[in-house]
Every structure is written in C-alpha cells, then in structure tokens.
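Reader: I would like a close look at a single part of this model, namely the surroundings of its bound molecules. Please take me through them carefully, and place them in the rest of the chain as you go.

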Amino acid sequence: MISMEPQKSVNPSRPPARVHIETWGCQMNVADSERMLALMKLQDFQLAESEQEADLIILNTCHIREKAKHKVMSRLGILRQLKDKNPGLMIAVAGCVAQAEGRKLMEEAPVIDILLGPGKIQELPSLVADFRRNRGKQIATGFMKTAEAKAIDFVIPLPLEGKNEVSRYVNIQQGCNNFCTFCVVPFTRGREISSPADTIKEQVNAYVASGAREITLLGQNVNSYGLDLVETGALAPSEGPFVDLLREVAEIPELRRLRFTSSNPHDFTKPLADLFKEIPKLGKYIHLPVQSGSDRILTVMKRKVTVAEYWERLAWLKNAVPDMAVSTDLIVGFPGETDDDFQKTYELVEKAQFTFIYSFKYSPRKGTAAARFRDQVDETNMVKRLAALNALQDRITIKQNEAEIGQTRRVLFHYASQKDPQVYYGKTEHFRPVRIKSGRDMIGKEVDVHILDANKTALEGTLVCEAV
Ligand code: SAH
Ligand code: SF4
Ligand code: F3S
C-alpha cells in the first residue's frame, strides 16, 4: 500500500456511513463487489439507496475491452460534480482498470481518493480508514498472494441490492495462467490461486442458509481449480480437483442447482462432462467459450485447442446429457482473421446450435501479445462480421425458444418484478429465462412450468401445478 500526499481534511467526528457500489464487467466483479460491501458493513457502513446519499462511492471497473478507461473517466467527471456539492464524499476506483492503470489513473483524475486492484480488496477497510484519518490518497495494487486469498475467503459477501438472494456467485479461483494472446485478465488478476475447498463450502453453506438455491462457482478457468493446491501439497493428489469440489458442494441438500463458469475447453475433461449425468443439480447447460471456428486463428490466440477438440468436448457433453444446452464466447476480427476464417466461425455457430452467444469485436489491449500483431482487421469489416454472426444466432435462439412452446420445464425462480410483484423470473435447467405470473410467492421455488409463448429473450409460462 502506498500513501500519497495528504489531502483536504475529512471530519472524523461525522463518519461516513453509506456506501454505493457500481459494478461493471464479469461475475467475478459482482462477487468482489459483494465482498467489498460485506467488508464495509463490518465497519458499520450501510448500503446507500442512491449515489446522491452515499459517503463512499466505489466504481468496480472492467478492463476487458476498448474504452474501459474512457468509461471510467467519463463516470468520474459526473461524480466530480457530486463531490463539489458534498466535499466529504469519498470516491474509490476498484477492479481491473485500477490494477491496469494504477497511479497514472489517480494522477489523471484527482477526484479519486482510493484506488485498489482486485487483488487488494481485503485492504479496502484500512484504505478507507487511513483516508478518513487524513493520511492522504490511498493506493493498493498488485496481485493476491495465497495467504491473502485464504484470509479473504472468510468474509461472507453480502448481496448487493438485497434482492436476488436465490442465485449467488462464489469465487473459487483468482487470476489466470493461460495468457491467451488477446486477453488482459492475467495482467489485471495475476496467476491462478485456488481457494481451499473448506472455505468454499463454508461460503456456499452460508448462502444456502440465507435462502440461496443456486450457486455459480467462478473462476477464469475453473477446470484447472485446485491444481495449484495439489502442487503445494495443500490438497491430496487427485484425478481432478474440480470434479471433486463439484461432487462435495453438490451434496449440500438445500442446494437445487450448481453451476460454474468460465470453462476453458483446453482443461475440460471427459470426467467433468460425465458429471452432468451423475449430478442432476448441474442442470443441462454449460458455457464453453470457443472464440473462433478457425484453427489458424485459435493457434495464434493460444487457445491450445483445435476446432475438432472443441467438437470432441461437445460430444462428451451430449453423450452425458443428450439435450445439453451450450453457450459460447466468440471474437470477430482477431488480427489476421480473413473472410475465410470468419466463414469457419459462422459455420461453427450454424452447426453447434448454441443457446446463445456472447460475441465481441476484437479490441487490442495494451500489454497483450495480440496488440502487437500486424494485420489488425479494420472496423468496417469487424462490424459486418459481428452483425452477420448475431443475426444468425438470433434466428437460432428464436427457433429454439419457439420449440419450447408446449413443453413442461423445471424452473427455479430467482426474483419478482419490481413493477408487478406477481410476475416472477426464473431459469429452466437449460438456462433459458422464464417469466410467469402467480399469486403465490415463487422466489427460491423449483417447479414445473408449462411453456405458453416465447420470443428471442425469454419464455412465458404458467405453473403446471398450483400446489407448491
Ligand atoms: N476466462 C474466460 C474468458 C473471460 S473474458 C475464458 O477463457 O473462457 C470473457 C470474454 O471476453 C472472452 O471469452 C472473450 O470472448 C472476450 N474477450 C476477452 N478479451 C477480449 C479482447 N481483447 N477483445 C474482444 N473480446 C475479448
Ligand atoms: Fe483470458 Fe484466456 Fe485466461 Fe480466459 S483463459 S481469462 S481468455 S487468458
Ligand atoms: Fe473485466 Fe476484470 Fe472480469 S477485466 S471481465 S472485470 S476479470
């Protein structure tokens, strides 16, 4: 932790008491924000209803694609006006932009009081306390060490909005060792560190006790969970520590559904695919990012799997669960991607019949290998390719959703509409969003729903049996 020059005086006799957290980026950031909220609640901070009434505003930022810093700077411009009206307001920038930009960001945006990278979340309370003691602006960046990862796991995160307590995220692994050539994550989150299975189970148990029925285990590469623990002797050698972890967590009786993401196909094994047959709680859905349908591009991306190997993994999954639903991530316009390479991606999407895709225009990230590659694809071409891919997937998703009409599906309900409390939202086992209307409290219930209608984004249904 580095202290910069002292700033204007903050009155310690009127302690700030309300925190507002804004979260961008992936689910890991959501889990980190929940942990930051829990840490600040231990310091007697309450969740602010709005940014206007906050004493501490935290921007938990994402650096994965273009304009990440620009977005933070423009948000800070607006917050500066708030701070002009309320000089006691503390502004913290956390997350991957904080780690990537570091002190430079603080110098460019003097409105920032506290800057902390994702590896330093546990230091938030002391940074805030030091700032309030007039010890100046606070910076904590750098990657999490094993001991810190262990310590932080003992704080049970709190739901951000106090709303959806049914489906919760649990970070099981920090960082990533893969260095795919386009990706900034190893630079913002450091190397892989797995949390001990006991603390993971403790967290899941705490969530379940407070009403959670679905848990998503999070990591950038969950399939390699625990390999570091085996290496250091903290975990007994095993055929697959992630498979072991899933088996153990699934045993928690009240837990209805257990999911995980992200699954890098490189480390995806047949025993993991077979587990979907063994453990019904895993559902019938997986997110398996492929990135491209061209072997030439996959090689330069350093994804370490071929298209054929990706198909092999899909075959393992379909063998375990014939109606397995799969979604994926795709990048268009990676440096050197030709029309022919793109055509291969298009054909893969057509053939794979994913339930949905997250598709992105390639964005060069400073420090990554691909940012230095020649043959960057021009913007017009990227836009065209992205639009073609999305139009194709829209047709597939609509067709799949319409095929659901008339089916009976098991749905876990997560939350009610704020506008109409009789409208409930949930997910099928295939991870399709479902909306129903019911006079009963459906939150946290898993019941059969008859699907009546469908569009591109969701299914509409009615309860098969009113007795729940
Ligand atoms: N760990 C996950 C990916 C996390 S990042 C995995 O390996 O599957 C989420 C997605 O963002 C990636 O799958 C990729 O499709 C996209 N992405 C990452 N870096 C990108 C970049 N520089 N430009 C465009 N998309 C990118
Ligand atoms: Fe990035 Fe690759 Fe690691 Fe995923 S596996 S976080 S894409 S480096
Ligand atoms: Fe973004 Fe960091 Fe997640 S860059 S995608 S918030 S790991």
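Author: **The surroundings of the ligands**

Around ligand 1 there are 16 residues, of which Arg65, Gln220, Gln291, Asp329 and Ser363 come nearest. The model is a predicted one, and the distances that follow should be read as computed from it. A nitrogen atom of ligand 1 lies 2.7 Å from a backbone N or O atom of Gln220, and a nitrogen atom of ligand 1 is also found 2.8 Å from a polar backbone atom of Ser363. With Asp329 the side chain is involved, since one of its N or O atoms is 2.6 Å from an oxygen atom of ligand 1.

Gln220 leads on to the other two ligands. The residues around ligand 3 are Cys26, Asn29, Cys62, His63, Ile64, Cys96, Val185, Arg189 and Gln220, and by kind this shell comprises 5 nonpolar, 3 polar and 1 charged. The chain is assigned domain 1 (14–143), domain 2 (147–403) and domain 3 (408–463), and the shell of ligand 3 takes at least three residues from each of domain 1 and domain 2. As for domain 3, its C-alpha centre is 35 Å from that of domain 1.

Ligand 2 has Gln220 in its shell as well, together with Cys176, Asn178, Phe179, Cys180, Phe182, Cys183, Val185, Pro186, Asn264 and Arg303. This shell divides into 7 nonpolar residues, 3 polar and 1 charged.

Turning to the packing of the chain, the largest nonpolar core holds 69 residues, and Leu217, Phe242 and Phe260 are those with the most contacts inside it. Leaving aside residues up to four places away in sequence, Leu217 touches a set of residues that includes Val170, Ile172, Ile200, Val222, Phe242, Leu245, Leu258 and Phe260, and Arg259 and Thr261 are also among them. Another core lies apart from this one and has 22 residues, including Val72, Leu76, Leu79 and Ile112.

Finally, a word on confidence: the mean pLDDT of the chain is 91, and 92% of its residues reach 70 or more. Over residues 1–11, however, pLDDT stays under 50, and for this stretch the model has 32 contacts beyond four places in sequence.

Methods: Residues numbered from 1 in each chain as written. Chains lettered and ligands numbered in written order. Predicted model: local features only at pLDDT ≥ 70, side-chain atom pairs only at ≥ 80, totals over all residues. Heavy atoms only, no water. Core = buried A, V, L, I, M, F, W, Y, C linked by side-chain atoms within 4.5 Å. Buried < 20%, exposed > 50% of the residue type's maximum accessible area, 1.4 Å probe, protein only. Contact = heavy atoms within 4.5 Å. Near = heavy atom within 4 Å. Nonpolar A, V, L, I, M, F, W, Y, C, P; charged D, E, K, R; others polar. pLDDT = per-residue confidence, 0-100. Domains from an automatic or database assignment. Polar contact = N/O pair within 3.5 Å; in protein donor to acceptor, adjacent residues only side chain to side chain.
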